[in-house]
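Student: I would like to learn how to read the inside of a protein model. Where should I start?

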Amino acid sequence: MRQVCCLRGLQKSYLRLLALGIAALMTACHGSGPIGPQTKRHLLPIPEPGALSQPRSLQQAGLPVEATRAAVPPDNQETADKIALGQKLFFDGRLSADGTVACSSCHDPARAFTDGRQFSIGIKGRVGQRNAPTILNAIYNTRQFWDGRATTLENQAAFPILNPSEMGEPSLDAAVARIARSSEYRQAFEKIFHAPPNATNLVRAIASYERTELSFDSPFDHFIAGEKKAIDPAAKRGWALFNGRGRCTLCHSAKAGQAEVTTFTDHSFHDIGVVRVRANIVAMAQQADQSVRPGDMGAIDRTAIQSDLSVLGRFLVTRDNADIGAFKTPNLRNLLMTAPYFHDGSHPTLWDVLDHYNKGGGVNDAFLDKDMRPLALKDAEIDDLVAFLASLTSPEYRKPALKELERQRNVARSTRPFRDTARAFAAPGPVG
Ligand code: HEC
Ligand code: HEC
């Protein structure tokens, strides 16, 4: 319900902003609202590193072995010790200012390294503005974060440690100093890097661990490898729609319109109409341009996680008007473990996501991607597309995903808040 607070409060807070300056906006929603009992940090134990947190095998159907090896940077080669150190750090609350939040708090292996919430919760129950993406297969991302503000996993890991609404450390050195109190960590850093703990090697170890979280071997991967019966007829029809009338491969593929079955993303950014605040978005962009220095990645990170200007998406990074409201095309694997969907977690089920696409995004303005248009998909075709997406579930999540599919199906049977049949079956409007 926080999102409603933020969106409704937006017009008001923008006017206030003109009068009072940017400080008002930076705090308009974040941290000032009531924090319910479920957001109290002490009620959210840090997930433990269980079986699902172990480094994964390269022997999985669909896993691109050469590309995986090539994605490891020359200056951060992997060793078993380094990966083990990164894993320990990933689950360690000591990287946060008050010891209550680890990377795994928002990237829980049991939920395919997400948190199951609309918005993530950091120290002191602070609620952010974005939905936590998975780190499974993050090795293949050419840019990290929904707006791509980090380029490498090493670079990315520093941001949540420093963000006041996530782990809240005043500096990376403060985080390093805390873990350096442990002789176990001091010994591990000496052994691996031949130096006492420092920030550079801290993020290197975490990134090395993340690069081992590879998730393929789904029924769909076996189908593509030639096992004709690995997926059912509904998923096969869904796959045809994904490549055809659904227009999904225009973005969820390395080459527009051409199926690519490794990561299902063009590694690019689009406004697909998820952002509902559109009337004053140009004014917000101008405001961001004045208040957030271009290239100041710390300030951009705080704006993305803590302020209403988060809706500007990729624009915050590039300052190109064409990027207003644009977010990264995500990978589509293990979706049943990563609900709710989109950068703002606004869509609770896969049926809701498909309803969104079916109505062409539901908006028609200059920022909407030109490839978004009504799809005229019938209910049975939407079911088939969901069946296809469900076939992208890796074996380690098969059981909970089946349960989640039934849960979502039941929710969708009784409520379809994003459905707009008239729009879905309307002739495509003017594009641009
Ligand atoms: C308080 C919750 C929270 C914590 C703690 C947290 N993250 Fe995240 N993480 C998020 C959210 C939310 C995003 C998306 C933010 C955005 O895109 O603006 C994200 C994004 C990422 C991404 C980018 C994935 C992609 O597909 O773009 C990676 C990788 C990642 N986090 C790793 C980490 C690591 C490593 C740590 C610990 C050092 C960590 N996270 C701590 C919530 C959290
Ligand atoms: C114009 C490019 C484009 C097209 C066409 C497109 N997508 Fe997307 N998709 C995106 C982007 C960008 C996002 C993230 C948007 C956001 O969060 O604001 C996304 C998000 C998603 C998500 C949510 C994933 C998550 O982790 O939250 C799903 C599921 C999805 N798309 C499936 C599909 C399907 C199925 C189709 C075809 C019916 C499709 N997409 C067509 C670009 C596209």
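Tutor: Start with the largest nonpolar core; a core here is a set of buried nonpolar residues joined through C-beta atoms within 7 Å. In this predicted model, the largest one has 65 residues. Ile-206, Leu-354, Leu-385, Val-386 and Leu-389 have the most contacts inside that core.

Student: Which helix gives the most to this core?

Tutor: Helix α16, residues 379–390, which supplies seven residues.

Student: Which domains does the core draw on?

Tutor: At least three residues come from each of domain 2 (38–210) and domain 3 (219–272 + 328–424).

Student: What does Leu-389 touch?

Tutor: Leaving out residues up to four places away in sequence, Leu-389 touches Leu-332, Leu-335 and Leu-350. Another core, of 26 residues, lies apart from the largest one. Phe-145, Met-284, Phe-327 and Leu-368 are among its members.

Student: How do I read the protein as a whole?

Tutor: Look at burial, contacts and secondary structure. Of the 432 residues, 48% count as buried. Among contacts between residues at least 6 apart in sequence, 71% join residues at least 24 apart. The secondary structure comes to 18 helices and two strands.

Student: And a ligand site: which residues come nearest to ligand 2?

Tutor: List the surrounding residues, then sort them by class. There are 24 residues around ligand 2, and Cys-248, Cys-251, Tyr-341, Phe-342 and His-343 come nearest. By class, the shell holds 15 nonpolar, six polar and three charged residues.

How values were computed
Residues numbered from 1 in each chain as written. Chains lettered and ligands numbered in written order. Predicted model: local features only at pLDDT ≥ 70, side-chain atom pairs only at ≥ 80, totals over all residues. Near = placed C-beta within 6 Å. Nonpolar A, V, L, I, M, F, W, Y, C, P; charged D, E, K, R; others polar. Helix = DSSP H or I, 4+ residues; strand = E, 2+ residues; numbered from the N terminus. Buried ≥ 20, exposed ≤ 12 C-beta atoms within 10 Å, placed from the backbone. Contact = placed C-beta atoms within 7 Å. Domains from an automatic or database assignment.
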